[in-house]
Amino acid sequence: MTTVLKAGALILCLWMMSSRAVAAPDAFEGKSTVITGAEDLVATNFSALAGMRLGLITNQTGLVQGRHLADLIHDAGAVELAAVFAPEHGFRGKVEAGEKVRDGRDPRTGVTVHSLYGSTRKPTQRMLRGVDALVFDVQDIGARFYTYISTMGLAMQAAAEAGIPFVVLDRPNPLGGTYVSGFMLEPARTSFVGQYPIPIVHGLTVAELAIMIKTEKWLKGLQDLDLRIGKMVGWKRVMRWPQTSQPWVWTSPNIPTFRSALVYPGIGVLGETQLVNEGRGTDEPFTRFGAPWLDNTGMVRQLNSLSLPGVTFEATRYRPRSIPNVAKNPLFVGQMIKGVQINVTNVATYQPLEVGIHALALVMAQARQKGITRLVKNRPMFYAISGTKRLYKMLMTGASGSAIVNTWKADVAAFQQKSRAYYLYD
């Protein structure tokens with residue numbers, strides 16, 4: 001089934017997997033059943049890839065009705081599982097953030113697992129021997145600095161170099177497809193935690209982003225890539241995760257729940273200052289933040305006075321602990337922390353990045369009052385996560401959260417206008 005997508009002046013032809021297995025709902029009201037690209041592929045008995053030896057880029061999120069796609073491919077007669085490629089956190093997702101992932105062999109299927117977060121972050125041509133197509137099936141969370149989308153782009157390059165198709169099995173953006181926010185990535189800040197000139201929260205699915213990467217030539221050598229998309233059925237841009245009826249599978253050790261994923265874009269930026277603990281070492285990372293020195297009651301009062309949509313804040317205390325393979329040495333481990341709990345009251349209206357930026361500006365102000373002089377411990381990483389030096393400079397001059405948020409609005413509006421050409425869903 002062939003679809004023609006107009007992207008500016010360029011006509012991009014994509015081979016699309018059929019979605020005849022399950023009927024999609026005609027309208028969105030409350031919850032709706034969303035069928036992922038992987039679910040549709042399995043329901044059609046892998047007919048779109050019949051006879052191919054597949055290299056599968058995936059992790060613990062690559063499930064279809066509770067079973068891993070790698071196991072289903074291995075057990076199917078129509079296709080062959082030739083290799084598995086593991087992004088950050090590993091094939092089964094048990095490696096802590098930043099820790100190298102090792103090559104190995106999957107005991108269930110007997111297939112070699114190649115690490116894409118170790119000595120190499122891009123499949124080598126040796127790894128791709130005997131592979132007829134690379135398949136990407138990883139649940140992303142919609143934030144630029146979450147590394148799975150960087151892995152996807154580098155794997156697209158490897159597929160192009162090998163002359164094999166690259167197949168993206170689409171999954172929902174948990175933050176939805178209408179919320180876009182944050183500084184655009186500046187070219188000088190390009191890294192593995194920021195590979196593309198997009199806002200911090202981009203509002204695209206991984207398939208839409210793959211099309212945009214190829215068409216906009218954000219990476220070299222993709223002009224002849226055979227890019228194939230396994231579309232979802234039933235997903236609407238207004239949906240955030242709870243409305244998809246899909247079960248949440250922890251996307252990384254510190255994103256165990258949708259609640260953590262929802263607040264992550266903003267509190268993740270706050271945590272990069274290393275002034276406060278961002279909930280690592282607790283059962284609900286990113287849903288709280290604090291430090292032994294913080295005036296949490298004053299912070300709560302200031303945050304609540306902003307009347308930010310979909311959220312309230314309350315003072316709390318907690319003690320981060322060491323959690324193997326999750327948060328081995330979180331900031332302020334073993335110390336009692338005066339914290340701020342983030343209580344999301346309306347998932348649909350909550351703006352995670354704006355909340356994080358307001359909290360960040362207030363934390364910086366308190367730190368200055370307390371005589372803390374080193375306000376960002378690792379500036380290069382803070383620049384990389386922010387995608388710019390502008391955030392740091394504004395914080396150093398005492399800019400308010402509102403002033404910071406206003407600086408990116410025009411760029412975000414321009415990006416949204418441009419990215420509409422790549423939408424696969426209404």
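**A walk through the predicted model**

Of the 111 residues in the largest nonpolar core, those that touch the most other members are M152, F166, V168 and F289. Helix α7, residues 352-369, is the element that gives the most to this core, with ten residues. Apart from this core lies another one, of 28 residues, including V64, V84, A86 and V113. In soluble globular proteins, nonpolar side chains tend to be buried together. The structure described here is a predicted model.

F166 shows what such a position looks like in detail. Leaving aside residues up to four places away in sequence, F166 touches I57, L134, F136, M152, A155, M156, A159, L225, D226, L227 and R228. One of these partners, M152, is itself among the core residues that touch the most other members.

From the core we can step back to the whole chain. The protein contains eleven helices and 14 strands. Its C-alpha atoms fill a box of roughly 65 × 45 × 40 Å along the principal axes. For 426 residues, a compact globule would have a radius of gyration near 22 Å, and the protein agrees with this because its own value is 21 Å. Of the 426 residues, 59% count as buried. The accessible surface comes to about 16,700 Å², and carbon and sulfur atoms account for 50% of that surface. Contacts often link distant parts of the sequence: among those between residues at least 6 apart, 74% join residues at least 24 apart.

One part of the fold is an open sheet of three strands. Their order is β12-β14-β13, and the pairing is antiparallel. Strands β12 (288-291) and β13 (311-318) stand at the edges with a single partner strand each, so one side of each has no neighbour in the sheet. From one strand to the next, the twist averages 25°. Between β12 and β14, the latter spanning residues 337-344, there are four bridges, and the two strands run antiparallel. Within this pair, R288 stands opposite Q341 of β14. Helix α5, residues 258-271, packs on the sheet and touches β12 and β14. The direction of α5 makes about 130° with that of β14. F289, already met in the largest nonpolar core, falls within the range of β12.

The loop that comes before α5 holds a residue with many partners. I255 lies between β11 (227-230) and α5, and it counts as buried because its relative accessibility is 1%. Not counting residues up to four places away in sequence, I255 touches Y146, W248, W250, S260, A261, Y264 and F286. I255 and E284 are 29 residues apart along the chain, yet their C-alpha atoms are separated by 8.1 Å.

On the other side of α5, the loop leading to β12 contains Q274. Most residues other than glycine have a negative phi. Q274 has a positive phi of about 60° although it is not a glycine. Q274 is partly exposed, since its relative accessible area is 33%. F332 also has a positive phi, near 65°, and is likewise not a glycine. F332 sits in the loop between β13 and β14. At 17% relative accessibility F332 counts as buried, because the limit for that class is under 20%.

Helix α4, residues 206-215, is mostly covered, with ten of its ten residues buried. The buried residues include the nonpolar V206, A207, L209, A210, I211, M212 and I213, and also E208, K214 and T215. Just after α4, K217 takes a positive phi of about 60°.

A last loop to look at runs between α6 (296-305) and β13, and L306 is found there. L306 counts as partly exposed because its relative accessibility is 36%. In sequence L306 and V355 are 49 residues apart, while in space they are 9.9 Å apart, C-alpha to C-alpha. V355 falls within the residue range of α7, the helix that gives the most to the largest nonpolar core.

Notes. Residues are numbered from 1 along each chain as its sequence is written. This is a predicted model: local features need pLDDT of at least 70, side-chain atom pairs count only at pLDDT 80 or more; totals for chains, interfaces and linings use all residues. Side-chain values use heavy atoms; hydrogens and water are left out. Two strands pair if DSSP finds at least two bridges between them. Axes are lines fitted to C-alpha atoms, for helices over the stretch in contact, and angles run from 0 to 180 degrees between N-to-C directions. Contact means heavy atoms within 4.5 Å. The radius of gyration is taken over C-alpha atoms; the globule rule is 2.2 Å times the number of residues to the power 0.38. Buried means under 20% relative accessible area, exposed over 50%, partly exposed in between (1.4 Å probe, protein chains only). Accessible areas come from the Shrake-Rupley method with a 1.4 Å probe; for residues, only the protein chains shown count as cover. A nonpolar core is a set of buried Ala, Val, Leu, Ile, Met, Phe, Trp, Tyr and Cys residues joined through side-chain atoms within 4.5 Å.
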